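Please look through the sequence and the model that follow, with the interior, the cysteines and the surface in mind.

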Amino acid sequence: MNRPRKVTWRRVATIALVAVCVGYAPIAMTELWPYAHRGAPAFGEWLLARATSPRYVADAFATRVGPYGRSLIAMIVHTVLGGALMLLGPVQLLTAVRRRIRLHRTVGVVFALTVYASMAGAAVYLVRTAPGDAFSGPAFWIVLATILVGTVMSVTYGIVAAIAKFPDLHQRWMLLCYGYLMTAPLLRLEWGALPALFPGLSLEDVNRIAIMHLGSIVVFGALLGSRAMDKRTTVPGVTGTWVPAPVLAAAHLAGALALAWIAKSFLEWGVAGQRMLLGYLLPYAVTYAVLAVRARRAGRASHGWAREEWRLHLAALCLAPALSATAGLLFERYAGLDRQTALSAGVAIGCGMLAFAATTVVSLRVMYGRAVVKRERSAAARPPRQEPSPVG
């Protein structure tokens, strides 16, 4: 008898990703229709009202009429194309896994153009909307702006990597780009789930908790996807490490000090601060544990390249609280935000920005390795130097 094949976590993750994307696509495409025409269908609001309560949804979305109305056409473009991206992403993933190169390239061009057009619509909305008028206030506006920049830059770097014939780097940047896009459906899931955990919260309060960890979750997922698809144990030209033990120890120390200061600040703000801190610390701790364990296992198995990538991202994760604390102080001083809002914005963008930086360092590591290999081949191809013959 043939035994059934073992269902791996990769297959489960792929199925879950495709299900979330396909399910969210019609929700994204119809989300802004009621603002353009009263009574138009909006599947997202309908589902959320039944998962929570109609009053919960009505009170939240009533405040969006003004801000969305000033940029309605741009926002409709953004949401409709965002729904299309939810469908194009799984197609790209499956064509890459199945090695259908021509279809993958064609869909990739459409995907990149759709990203640029959709993010242009989001940019119009952010420019025309004051940070204080954004959903849940200035912190949410800053998060949206950061995601927009990260999405555009990651898809651009992915294109450059493909043109330069770095398929492994192309894969990493495109997965990171899609990770940033996944913040939209995951946020909608939290709109329905968090009120069950914290009864009485408004949608604005749910947003404030969700942004504490959405950035770290999506970039962590992108990293897991990259490592799952990269089976190499070594990369030509890549030797040693750019994260020696002293550097990693310094990153841990800086991160621990910043994390303690962040925790102390949130705890001073009562129940709301405690909820936000929990929303930040729990995913952060899980991510840290996975990165540390994977880096150690890769080292024991002598998988040098996997160990190096895990360590680079681990160092970036350790430094994320330091970046968040610094950004919070800058927002408070130069953006005119109160301390709680400023620190919330800093915490919300820290992990996502440092993951982007870690992916950049990984790319530089691979490109430097190729340069080393080219130099070695060039040196080996040179004819040996001829010594002058002795004069008789």
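**From the core to the surface**

Within the largest nonpolar core, which has 105 residues, Phe111 and Leu181 touch the most other members; such a core is a set of buried Ala, Val, Leu, Ile, Met, Phe, Trp, Tyr and Cys residues joined through side-chain atoms within 4.5 Å. Helix H16 supplies the largest share of this core, 13 residues. This is a predicted model, in which local features need pLDDT of at least 70 and side-chain atom pairs count only at pLDDT 80 or more, while totals for chains, interfaces and linings use all residues. Residues are numbered from 1 along each chain as its sequence is written, and side-chain values use heavy atoms, with hydrogens and water left out.

Apart from neighbours within four places in sequence, Phe111 is in contact (heavy atoms within 4.5 Å) with Leu85, Leu88, Gly89, Met174, Cys177, Tyr178 and Leu181.

Cys177 leads on to the question of how many disulfides the structure holds. There are zero, a disulfide being a pair of cysteine sulfur atoms within 2.5 Å. Cys21 is in no disulfide, and its nearest cysteine sulfur, that of Cys177, is 12 Å away, which is too far for a bond. Cys21 is buried at a relative accessible area of 0%, and Cys177 is likewise buried at 0%, where buried means under 20% relative accessible area, exposed over 50% and partly exposed in between, with a 1.4 Å probe and protein chains only.

At the surface, Met367, which lies in helix H16 (residues 339-381), counts as partly exposed because its relative accessibility is 37%.

Technical notes. Helices (H or I, at least four residues) and strands (E, at least two) are DSSP runs, numbered from the N terminus.
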